[in-house]
Amino acid sequence: MSTILIKNAQVVNEGEIKVLDIFIKDGRIEQIAPTIDKAAAQEINAEGLHLLPGLIDDQVHFREPGLTYKADIATESRAAVAGGTTSFMEMPNTVPNALTQKLLQDKYDIGQDSSLANYSFFMGAGNDNLEEVLKTNPRDVCGIKVFMGSSTGNMLVDNETALANVFQNAPTLVATHCEDETTIRTNMAVYKEKYGENVTIDMHPAIRSEEACYLSSSKAVELALKYDTRLHILHISTGKETHLFSKDIPLEQKRITAEACVHHLWFSDADYATKGNFIKWNPAVKTAADRDEIWRAVLDGRIDVIATDHAPHTFEEKSQPYLQAPSGGPLVQHALQALLDKVKEGRLTLEQLVQKTAHNTARCFQIEQRGFIREGYWADLVLVDLNKPYTVTKENILSKCKWSPFEGHTFSANIEHTIVSGNVAYTNGKIQEVGSGHRMLFDR
(Lines give C-alpha, C1' and ligand atoms only; values in the text may rest on other atoms or scores of the structure.)
Protein backbone atom coordinates (compact mmCIF):
# COMPACT_ATOMS: atom_id res chain seq x y z
CA MET A 1 0.00 0.00 0.00
CA SER A 2 1.65 3.24 -1.16
CA THR A 3 0.46 6.54 0.29
CA ILE A 4 1.38 10.17 -0.40
CA LEU A 5 0.13 13.26 1.44
CA ILE A 6 0.43 16.63 -0.31
CA LYS A 7 0.03 19.51 2.15
CA ASN A 8 -1.02 23.13 1.53
CA ALA A 9 -1.01 23.10 -2.26
CA GLN A 10 -2.72 25.79 -4.31
CA VAL A 11 -4.86 23.38 -6.30
CA VAL A 12 -5.84 24.54 -9.81
CA ASN A 13 -8.82 22.47 -10.90
CA GLU A 14 -12.16 22.91 -12.68
CA GLY A 15 -12.02 26.69 -12.83
CA GLU A 16 -10.92 27.32 -9.24
CA ILE A 17 -7.75 27.74 -7.19
CA LYS A 18 -7.98 26.60 -3.56
CA VAL A 19 -5.43 25.75 -0.87
CA LEU A 20 -6.00 22.05 -0.16
CA ASP A 21 -4.42 18.83 1.04
CA ILE A 22 -4.48 15.72 -1.17
CA PHE A 23 -4.18 12.13 0.10
CA ILE A 24 -3.14 9.51 -2.45
CA LYS A 25 -3.47 5.79 -1.86
CA ASP A 26 -2.68 2.92 -4.24
CA GLY A 27 -2.32 5.23 -7.21
CA ARG A 28 -5.56 7.15 -6.78
CA ILE A 29 -6.70 10.32 -5.05
CA GLU A 30 -8.49 9.09 -1.95
CA GLN A 31 -9.25 12.41 -0.25
CA ILE A 32 -9.22 16.15 -0.99
CA ALA A 33 -9.82 18.51 1.93
CA PRO A 34 -8.62 21.82 3.43
CA THR A 35 -6.76 19.82 6.08
CA ILE A 36 -5.89 16.12 6.14
CA ASP A 37 -4.14 14.60 9.14
CA LYS A 38 -3.21 11.09 8.06
CA ALA A 39 0.05 9.23 8.22
CA ALA A 40 1.56 8.66 4.77
CA ALA A 41 4.63 6.89 3.48
CA GLN A 42 5.64 10.16 1.79
CA GLU A 43 4.65 13.72 2.61
CA ILE A 44 5.20 16.66 0.24
CA ASN A 45 5.11 20.18 1.66
CA ALA A 46 3.54 22.14 -1.20
CA GLU A 47 3.37 25.52 0.51
CA GLY A 48 3.80 28.21 -2.15
CA LEU A 49 3.43 25.69 -4.98
CA HIS A 50 0.56 25.21 -7.44
CA LEU A 51 -0.83 21.72 -8.02
CA LEU A 52 -2.19 21.03 -11.50
CA PRO A 53 -3.57 17.92 -13.17
CA GLY A 54 -0.74 16.39 -15.19
CA LEU A 55 -0.79 17.44 -18.81
CA ILE A 56 -2.31 14.99 -21.31
CA ASP A 57 -0.55 15.41 -24.66
CA ASP A 58 -2.74 14.11 -27.47
CA GLN A 59 -0.04 14.29 -30.15
CA VAL A 60 3.53 13.05 -29.82
CA HIS A 61 5.97 11.17 -32.04
CA PHE A 62 8.30 9.09 -29.88
CA ARG A 63 9.91 7.35 -32.91
CA GLU A 64 9.78 3.76 -31.65
CA PRO A 65 9.98 1.31 -33.33
CA GLY A 66 12.28 1.93 -36.25
CA LEU A 67 13.62 5.46 -35.70
CA THR A 68 15.15 5.04 -32.27
CA TYR A 69 18.33 6.90 -33.16
CA LYS A 70 16.12 10.04 -32.93
CA ALA A 71 14.08 9.12 -29.82
CA ASP A 72 12.41 6.22 -28.06
CA ILE A 73 9.50 5.68 -25.70
CA ALA A 74 11.75 5.37 -22.65
CA THR A 75 13.67 8.63 -23.21
CA GLU A 76 10.76 10.74 -24.42
CA SER A 77 8.32 9.60 -21.73
CA ARG A 78 10.91 10.66 -19.16
CA ALA A 79 11.28 14.04 -20.87
CA ALA A 80 7.48 14.32 -20.72
CA VAL A 81 7.33 13.53 -17.01
CA ALA A 82 10.14 16.02 -16.27
CA GLY A 83 7.95 18.63 -17.95
CA GLY A 84 4.77 17.79 -16.05
CA THR A 85 3.13 15.74 -18.83
CA THR A 86 1.79 12.56 -17.25
CA SER A 87 -0.01 10.99 -20.23
CA PHE A 88 0.60 10.93 -23.98
CA MET A 89 -0.98 9.68 -27.20
CA GLU A 90 1.57 8.64 -29.78
CA MET A 91 1.33 8.66 -33.56
CA PRO A 92 1.52 5.71 -35.99
CA ASN A 93 4.17 7.00 -38.42
CA THR A 94 6.89 4.86 -36.87
CA VAL A 95 8.73 2.14 -38.82
CA PRO A 96 6.98 0.00 -39.79
CA ASN A 97 3.85 2.21 -39.83
CA ALA A 98 1.23 1.04 -37.31
CA LEU A 99 -1.26 -0.02 -39.99
CA THR A 100 -2.20 -3.43 -38.56
CA GLN A 101 -3.53 -4.42 -35.15
CA LYS A 102 -0.42 -6.59 -34.65
CA LEU A 103 1.94 -3.67 -35.29
CA LEU A 104 -0.17 -1.45 -33.03
CA GLN A 105 -0.02 -4.05 -30.26
CA ASP A 106 3.76 -4.17 -30.61
CA LYS A 107 3.85 -0.50 -29.66
CA TYR A 108 1.61 -1.08 -26.64
CA ASP A 109 4.00 -3.83 -25.54
CA ILE A 110 6.94 -1.41 -25.75
CA GLY A 111 4.94 1.20 -23.83
CA GLN A 112 4.14 -1.29 -21.08
CA ASP A 113 7.82 -2.20 -20.76
CA SER A 114 9.43 1.22 -20.94
CA SER A 115 7.09 4.20 -20.54
CA LEU A 116 7.27 6.23 -17.34
CA ALA A 117 4.17 8.19 -18.39
CA ASN A 118 0.66 6.87 -19.09
CA TYR A 119 0.25 6.04 -22.76
CA SER A 120 -1.99 5.35 -25.69
CA PHE A 121 -1.12 4.78 -29.35
CA PHE A 122 -3.12 5.80 -32.42
CA MET A 123 -4.02 3.24 -35.06
CA GLY A 124 -2.88 4.37 -38.50
CA ALA A 125 -5.18 4.63 -41.51
CA GLY A 126 -3.71 4.03 -44.96
CA ASN A 127 -5.08 3.74 -48.47
CA ASP A 128 -5.79 0.01 -48.14
CA ASN A 129 -6.11 -1.10 -44.49
CA LEU A 130 -9.79 -0.39 -43.71
CA GLU A 131 -10.33 -3.93 -42.41
CA GLU A 132 -7.59 -3.42 -39.82
CA VAL A 133 -8.88 0.04 -38.89
CA LEU A 134 -12.34 -1.37 -38.20
CA LYS A 135 -10.88 -3.81 -35.65
CA THR A 136 -9.69 -0.92 -33.43
CA ASN A 137 -11.10 -1.13 -29.91
CA PRO A 138 -12.48 2.28 -28.81
CA ARG A 139 -12.12 1.21 -25.17
CA ASP A 140 -8.33 1.01 -25.12
CA VAL A 141 -7.08 2.86 -28.24
CA CYS A 142 -7.18 6.67 -28.33
CA GLY A 143 -8.16 6.99 -31.97
CA ILE A 144 -7.46 6.57 -35.69
CA LYS A 145 -4.83 8.85 -37.29
CA VAL A 146 -5.28 10.00 -40.88
CA PHE A 147 -2.53 11.93 -42.67
CA MET A 148 -4.36 14.11 -45.20
CA GLY A 149 -0.99 15.71 -45.89
CA SER A 150 2.34 13.88 -46.08
CA SER A 151 4.86 14.32 -43.31
CA THR A 152 7.52 12.18 -41.63
CA GLY A 153 6.73 8.53 -42.39
CA ASN A 154 4.89 8.83 -45.74
CA MET A 155 1.44 7.74 -44.54
CA LEU A 156 -0.51 10.04 -46.86
CA VAL A 157 -4.11 8.90 -47.49
CA ASP A 158 -4.78 10.32 -50.95
CA ASN A 159 -7.30 7.78 -52.26
CA GLU A 160 -10.70 9.50 -52.09
CA THR A 161 -12.60 6.23 -51.61
CA ALA A 162 -10.28 5.11 -48.81
CA LEU A 163 -10.65 8.48 -47.09
CA ALA A 164 -14.44 8.38 -47.30
CA ASN A 165 -14.48 4.80 -45.99
CA VAL A 166 -12.46 5.77 -42.91
CA PHE A 167 -14.68 8.79 -42.16
CA GLN A 168 -17.85 6.75 -42.71
CA ASN A 169 -16.87 3.62 -40.79
CA ALA A 170 -14.25 4.51 -38.14
CA PRO A 171 -15.28 2.92 -34.83
CA THR A 172 -13.85 5.79 -32.79
CA LEU A 173 -12.35 9.30 -32.98
CA VAL A 174 -10.50 10.20 -36.19
CA ALA A 175 -7.56 12.60 -35.78
CA THR A 176 -6.24 14.30 -38.90
CA HIS A 177 -3.12 16.04 -40.14
CA CYS A 178 -4.61 18.48 -42.69
CA GLU A 179 -2.49 19.92 -45.49
CA ASP A 180 -3.45 19.67 -49.17
CA GLU A 181 -0.72 17.72 -50.93
CA THR A 182 -1.43 19.03 -54.44
CA THR A 183 -1.18 22.65 -53.27
CA ILE A 184 2.10 21.96 -51.45
CA ARG A 185 3.67 20.21 -54.45
CA THR A 186 2.59 23.02 -56.77
CA ASN A 187 4.04 25.65 -54.43
CA MET A 188 7.28 23.68 -54.03
CA ALA A 189 7.67 23.40 -57.81
CA VAL A 190 7.32 27.19 -58.15
CA TYR A 191 10.00 27.85 -55.51
CA LYS A 192 12.34 25.18 -56.88
CA GLU A 193 12.02 26.62 -60.38
CA LYS A 194 12.98 30.03 -59.04
CA TYR A 195 15.64 29.07 -56.47
CA GLY A 196 16.75 25.56 -57.45
CA GLU A 197 18.20 23.74 -54.45
CA ASN A 198 18.58 27.05 -52.59
CA VAL A 199 15.03 27.23 -51.25
CA THR A 200 15.30 28.57 -47.68
CA ILE A 201 13.38 28.12 -44.44
CA ASP A 202 11.65 31.52 -44.62
CA MET A 203 9.77 30.17 -47.67
CA HIS A 204 8.36 27.22 -45.70
CA PRO A 205 5.04 28.91 -44.73
CA ALA A 206 4.51 29.99 -48.35
CA ILE A 207 5.10 26.42 -49.59
CA ARG A 208 3.05 24.71 -46.89
CA SER A 209 0.63 27.60 -47.14
CA GLU A 210 -2.53 28.87 -45.52
CA GLU A 211 -4.41 27.69 -48.61
CA ALA A 212 -2.98 24.16 -48.29
CA CYS A 213 -4.08 23.98 -44.66
CA TYR A 214 -7.54 25.43 -45.18
CA LEU A 215 -8.36 23.29 -48.24
CA SER A 216 -7.55 20.12 -46.31
CA SER A 217 -9.13 21.11 -42.97
CA SER A 218 -12.35 22.26 -44.66
CA LYS A 219 -12.46 18.99 -46.60
CA ALA A 220 -12.10 17.02 -43.34
CA VAL A 221 -14.94 19.04 -41.78
CA GLU A 222 -17.08 18.45 -44.87
CA LEU A 223 -16.50 14.68 -44.70
CA ALA A 224 -17.18 14.61 -40.95
CA LEU A 225 -20.46 16.45 -41.40
CA LYS A 226 -21.47 14.11 -44.22
CA TYR A 227 -20.73 10.91 -42.26
CA ASP A 228 -21.19 12.17 -38.66
CA THR A 229 -17.58 11.28 -37.93
CA ARG A 230 -16.07 12.11 -34.55
CA LEU A 231 -13.31 14.32 -36.00
CA HIS A 232 -10.37 15.93 -34.21
CA ILE A 233 -8.17 18.18 -36.37
CA LEU A 234 -4.61 18.47 -35.13
CA HIS A 235 -2.15 21.40 -35.01
CA ILE A 236 -4.21 24.27 -36.41
CA SER A 237 -1.67 26.74 -37.83
CA THR A 238 -3.74 29.46 -39.54
CA GLY A 239 -6.26 32.02 -38.39
CA LYS A 240 -8.50 31.13 -41.34
CA GLU A 241 -8.90 27.51 -40.16
CA THR A 242 -10.09 28.56 -36.70
CA HIS A 243 -13.38 29.73 -38.22
CA LEU A 244 -14.23 26.14 -39.20
CA PHE A 245 -14.94 25.33 -35.55
CA SER A 246 -17.78 26.08 -33.16
CA LYS A 247 -17.68 27.70 -29.73
CA ASP A 248 -21.44 27.57 -29.18
CA ILE A 249 -21.89 24.03 -27.82
CA PRO A 250 -20.29 22.22 -24.87
CA LEU A 251 -17.21 20.16 -25.72
CA GLU A 252 -18.95 16.92 -24.71
CA GLN A 253 -21.55 17.54 -27.44
CA LYS A 254 -19.10 18.46 -30.21
CA ARG A 255 -18.53 16.00 -33.06
CA ILE A 256 -15.74 18.16 -34.52
CA THR A 257 -12.92 19.42 -32.29
CA ALA A 258 -9.52 21.03 -32.80
CA GLU A 259 -6.05 21.19 -31.28
CA ALA A 260 -3.43 23.94 -31.17
CA CYS A 261 0.24 23.24 -30.53
CA VAL A 262 2.72 25.11 -28.37
CA HIS A 263 4.96 26.09 -31.29
CA HIS A 264 2.09 27.73 -33.19
CA LEU A 265 1.23 29.66 -30.01
CA TRP A 266 4.83 30.72 -29.32
CA PHE A 267 6.72 31.29 -32.58
CA SER A 268 5.93 33.25 -35.76
CA ASP A 269 7.55 33.51 -39.18
CA ALA A 270 9.73 36.32 -37.78
CA ASP A 271 11.60 33.64 -35.79
CA TYR A 272 12.89 31.79 -38.87
CA ALA A 273 15.71 34.35 -39.12
CA THR A 274 17.22 33.20 -35.82
CA LYS A 275 15.87 29.66 -35.33
CA GLY A 276 16.05 28.41 -38.93
CA ASN A 277 15.19 24.76 -39.52
CA PHE A 278 14.97 24.19 -35.77
CA ILE A 279 11.43 25.60 -35.97
CA LYS A 280 10.61 23.80 -39.22
CA TRP A 281 7.34 22.00 -38.59
CA ASN A 282 4.51 20.62 -40.70
CA PRO A 283 2.22 22.50 -40.77
CA ALA A 284 4.49 25.51 -40.82
CA VAL A 285 4.76 28.23 -38.21
CA LYS A 286 3.07 31.17 -39.94
CA THR A 287 2.44 34.87 -39.26
CA ALA A 288 2.04 36.70 -35.96
CA ALA A 289 -1.54 37.45 -37.08
CA ASP A 290 -2.17 33.70 -37.46
CA ARG A 291 -0.69 33.13 -34.01
CA ASP A 292 -2.93 35.79 -32.48
CA GLU A 293 -6.04 34.29 -34.07
CA ILE A 294 -5.11 30.80 -32.85
CA TRP A 295 -4.81 32.25 -29.34
CA ARG A 296 -8.26 33.85 -29.71
CA ALA A 297 -9.71 30.52 -30.80
CA VAL A 298 -8.09 28.70 -27.86
CA LEU A 299 -9.54 31.20 -25.43
CA ASP A 300 -13.04 31.45 -26.91
CA GLY A 301 -13.52 27.70 -27.28
CA ARG A 302 -13.22 27.18 -31.02
CA ILE A 303 -9.98 25.28 -30.33
CA ASP A 304 -10.43 22.77 -27.54
CA VAL A 305 -7.00 21.48 -26.51
CA ILE A 306 -3.32 22.44 -26.47
CA ALA A 307 -0.65 19.82 -27.20
CA THR A 308 2.92 19.63 -28.55
CA ASP A 309 3.32 17.49 -31.69
CA HIS A 310 6.65 16.55 -30.05
CA ALA A 311 8.65 15.10 -32.98
CA PRO A 312 12.40 14.83 -32.46
CA HIS A 313 15.06 14.62 -35.15
CA THR A 314 18.80 14.66 -34.60
CA PHE A 315 20.70 17.94 -34.45
CA GLU A 316 22.64 16.83 -37.54
CA GLU A 317 19.44 16.21 -39.51
CA LYS A 318 18.00 19.60 -38.57
CA SER A 319 21.30 21.31 -39.45
CA GLN A 320 21.01 20.33 -43.11
CA PRO A 321 19.82 22.79 -45.79
CA TYR A 322 16.08 23.53 -45.83
CA LEU A 323 15.13 20.98 -48.51
CA GLN A 324 16.92 18.15 -46.70
CA ALA A 325 16.11 19.06 -43.07
CA PRO A 326 13.12 17.11 -41.73
CA SER A 327 10.15 18.81 -40.08
CA GLY A 328 9.49 18.46 -36.36
CA GLY A 329 11.16 19.12 -33.04
CA PRO A 330 11.16 18.23 -29.33
CA LEU A 331 8.70 20.12 -27.13
CA VAL A 332 7.21 17.79 -24.52
CA GLN A 333 9.69 18.63 -21.75
CA HIS A 334 9.05 22.38 -21.93
CA ALA A 335 5.40 22.72 -22.99
CA LEU A 336 4.04 23.44 -19.52
CA GLN A 337 6.79 25.94 -18.74
CA ALA A 338 6.18 27.70 -22.07
CA LEU A 339 2.48 27.99 -21.27
CA LEU A 340 3.24 29.19 -17.74
CA ASP A 341 5.30 31.98 -19.32
CA LYS A 342 2.17 32.91 -21.28
CA VAL A 343 0.19 32.92 -18.02
CA LYS A 344 2.73 35.36 -16.60
CA GLU A 345 2.36 37.51 -19.75
CA GLY A 346 -1.42 37.54 -19.27
CA ARG A 347 -2.26 35.57 -22.42
CA LEU A 348 -4.29 33.02 -20.42
CA THR A 349 -5.06 32.14 -16.81
CA LEU A 350 -3.84 29.13 -14.85
CA GLU A 351 -7.41 27.82 -14.87
CA GLN A 352 -7.55 28.10 -18.68
CA LEU A 353 -4.18 26.40 -19.02
CA VAL A 354 -5.45 23.43 -16.99
CA GLN A 355 -8.68 23.34 -18.97
CA LYS A 356 -6.89 23.20 -22.34
CA THR A 357 -4.10 20.77 -21.41
CA ALA A 358 -5.89 18.31 -19.09
CA HIS A 359 -9.64 18.72 -18.55
CA ASN A 360 -10.56 19.20 -22.20
CA THR A 361 -8.19 16.51 -23.48
CA ALA A 362 -9.82 14.06 -21.07
CA ARG A 363 -13.30 15.18 -22.21
CA CYS A 364 -12.38 15.17 -25.90
CA PHE A 365 -11.06 11.60 -25.83
CA GLN A 366 -13.40 10.41 -23.04
CA ILE A 367 -10.41 9.30 -20.96
CA GLU A 368 -11.37 7.24 -17.94
CA GLN A 369 -10.61 8.82 -14.54
CA ARG A 370 -7.78 11.12 -15.57
CA GLY A 371 -7.39 14.81 -16.36
CA PHE A 372 -9.08 16.17 -13.21
CA ILE A 373 -8.16 16.41 -9.51
CA ARG A 374 -11.07 14.42 -8.12
CA GLU A 375 -11.49 11.81 -5.42
CA GLY A 376 -11.36 8.34 -6.98
CA TYR A 377 -9.40 9.53 -10.02
CA TRP A 378 -5.84 8.43 -10.81
CA ALA A 379 -3.25 10.69 -9.18
CA ASP A 380 -1.67 12.29 -12.25
CA LEU A 381 -0.38 15.56 -10.82
CA VAL A 382 2.30 18.21 -11.24
CA LEU A 383 3.55 20.69 -8.65
CA VAL A 384 5.04 23.89 -10.05
CA ASP A 385 6.84 26.86 -8.55
CA LEU A 386 5.69 29.91 -10.49
CA ASN A 387 8.53 32.04 -9.14
CA LYS A 388 11.58 29.83 -9.71
CA PRO A 389 13.31 30.57 -13.04
CA TYR A 390 14.62 27.66 -15.12
CA THR A 391 17.05 27.96 -18.03
CA VAL A 392 17.05 25.33 -20.79
CA THR A 393 20.54 23.98 -21.49
CA LYS A 394 21.86 20.98 -23.43
CA GLU A 395 22.69 19.40 -20.07
CA ASN A 396 19.11 19.43 -18.73
CA ILE A 397 17.38 18.30 -21.96
CA LEU A 398 16.15 14.73 -21.51
CA SER A 399 14.98 14.05 -25.07
CA LYS A 400 17.41 11.74 -26.85
CA CYS A 401 18.10 14.33 -29.57
CA LYS A 402 19.63 16.68 -26.95
CA TRP A 403 18.46 19.96 -28.48
CA SER A 404 15.44 22.19 -28.04
CA PRO A 405 14.04 25.26 -29.82
CA PHE A 406 13.91 26.75 -26.31
CA GLU A 407 17.62 26.24 -25.63
CA GLY A 408 19.03 29.28 -23.84
CA HIS A 409 15.57 30.55 -22.85
CA THR A 410 14.85 31.15 -19.16
CA PHE A 411 11.32 30.15 -18.20
CA SER A 412 9.66 31.88 -15.27
CA ALA A 413 8.46 28.67 -13.59
CA ASN A 414 9.95 25.34 -12.51
CA ILE A 415 8.53 21.82 -12.41
CA GLU A 416 9.06 20.63 -8.82
CA HIS A 417 7.33 17.23 -8.67
CA THR A 418 5.43 15.05 -11.14
CA ILE A 419 3.21 12.20 -9.96
CA VAL A 420 2.14 9.54 -12.48
CA SER A 421 -0.61 7.11 -11.48
CA GLY A 422 0.27 7.67 -7.84
CA ASN A 423 4.06 7.35 -8.18
CA VAL A 424 6.40 10.31 -7.69
CA ALA A 425 8.17 9.98 -11.03
CA TYR A 426 10.11 13.28 -11.00
CA THR A 427 11.30 15.36 -8.06
CA ASN A 428 14.01 17.94 -7.38
CA GLY A 429 15.24 17.85 -10.96
CA LYS A 430 15.62 14.09 -11.13
CA ILE A 431 13.66 11.24 -12.67
CA GLN A 432 12.60 8.62 -10.12
CA GLU A 433 12.57 5.11 -11.61
CA VAL A 434 9.56 3.94 -9.60
CA GLY A 435 6.65 2.12 -11.16
CA SER A 436 5.64 2.77 -14.75
CA GLY A 437 2.91 4.47 -16.72
CA HIS A 438 -0.45 2.82 -17.30
CA ARG A 439 -2.29 2.16 -20.54
CA MET A 440 -5.09 4.71 -20.70
CA LEU A 441 -8.68 3.53 -20.99
CA PHE A 442 -11.60 5.38 -22.57
CA ASP A 443 -15.27 5.65 -21.55
CA ARG A 444 -16.74 4.83 -24.94
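**Core packing, helix α7 and local backbone features**

In this predicted model, Leu336 is in contact with Leu52, Leu55, Gly83, Gly84, Leu353, Val382, Val384 and Ile415, when residues up to four places away in sequence are not counted. Leu336 belongs to the largest nonpolar core, which has 86 residues, and together with Phe406 has the most contacts inside that core. Helix α13, residues 335-345, supplies the largest share of this core, with six residues. A separate second core has 18 residues, including Ala9, Val11, Ile29 and Leu51. In soluble globular proteins, nonpolar side chains tend to be buried together.

Helix α7 covers residues 210-227. At 1.5 Å a residue, its 18 residues should span 26 Å, and the end C-alpha atoms are 26 Å apart, so the expected and modelled spans agree. The buried residues of α7 are Ala212, Cys213, Ser216, Ser217, Ser218, Ala220, Val221, Leu223 and Ala224. An α-helix has 3.6 residues a turn, so residues three or four places apart point the same way. The elements that cover the buried residues of α7 include the helices α4 (160-169), α5 (181-195) and α8 (239-242). Strands β11 (174-177), β12 (231-233) and β13 (256-261) are also among them.

Asp228 follows α7 and is found in the loop between α7 and β12. The phi of Asp228 is near 55 degrees, a positive value in a residue other than glycine. Asp228 is described as partly exposed because its relative accessible area is 49%, and the class of partly exposed residues lies between the limits of 20% and 50%. A positive phi is also found at His235, where the value is near 30 degrees. His235 lies in the loop between β12 and α8. With a relative accessibility of 2%, His235 counts as buried, because the limit for that class is under 20%.

Two cis peptide bonds are described here. One joins Glu64 and Pro65, with omega about 5 degrees; Pro65 is in the loop between β6 (55-60) and α1 (73-82). Another runs from Asn282 to Pro283, with omega near -5 degrees, and Pro283 is in the loop between α10 (272-275) and α11 (288-300). Most residues other than glycine have a negative phi, and most peptide bonds are trans.

A further loop, between α3 (130-134) and β10 (144-147), holds Thr136. Thr136 has a relative accessible area of 3% and is therefore buried. When residues up to four places away in sequence are left out, Thr136 touches Gln101, Met123, Val141, Ile144 and Pro171. Of these contacts, Gln101 is 35 residues from Thr136 along the chain, and the C-alpha atoms of the two are separated by 7.3 Å.

The second largest pocket has a volume of about 220 Å³. It is lined by 13 residues, of which Arg230, Arg363, Cys364, Gln366 and Arg444 are the closest to its centre. By class, the lining of this pocket consists of six charged, five nonpolar and two polar residues.

Technical notes: Residues are numbered from 1 along each chain as its sequence is written. This is a predicted model: local features need pLDDT of at least 70, side-chain atom pairs count only at pLDDT 80 or more; totals for chains, interfaces and linings use all residues. Side-chain values use heavy atoms; hydrogens and water are left out. Helices (H or I, at least four residues) and strands (E, at least two) are DSSP runs, numbered from the N terminus. The expected span of a helix is 1.5 Å times one less than its number of residues. Buried means under 20% relative accessible area, exposed over 50%, partly exposed in between (1.4 Å probe, protein chains only). Contact means heavy atoms within 4.5 Å. On a 1 Å grid over the protein atoms alone, a cavity is a set of points where a 1.4 Å probe fits but cannot get out, and a pocket is an open set with protein on both sides within 12 Å along at least five of seven lines; lining residues have an atom within 4 Å of a point. Grid points are joined across faces, edges and corners, and a volume is the space filled by probe spheres set on the points. Ala, Val, Leu, Ile, Met, Phe, Trp, Tyr, Cys and Pro count as nonpolar, Asp, Glu, Lys and Arg as charged, and the others, Gly among them, as polar. A nonpolar core is a set of buried Ala, Val, Leu, Ile, Met, Phe, Trp, Tyr and Cys residues joined through side-chain atoms within 4.5 Å.
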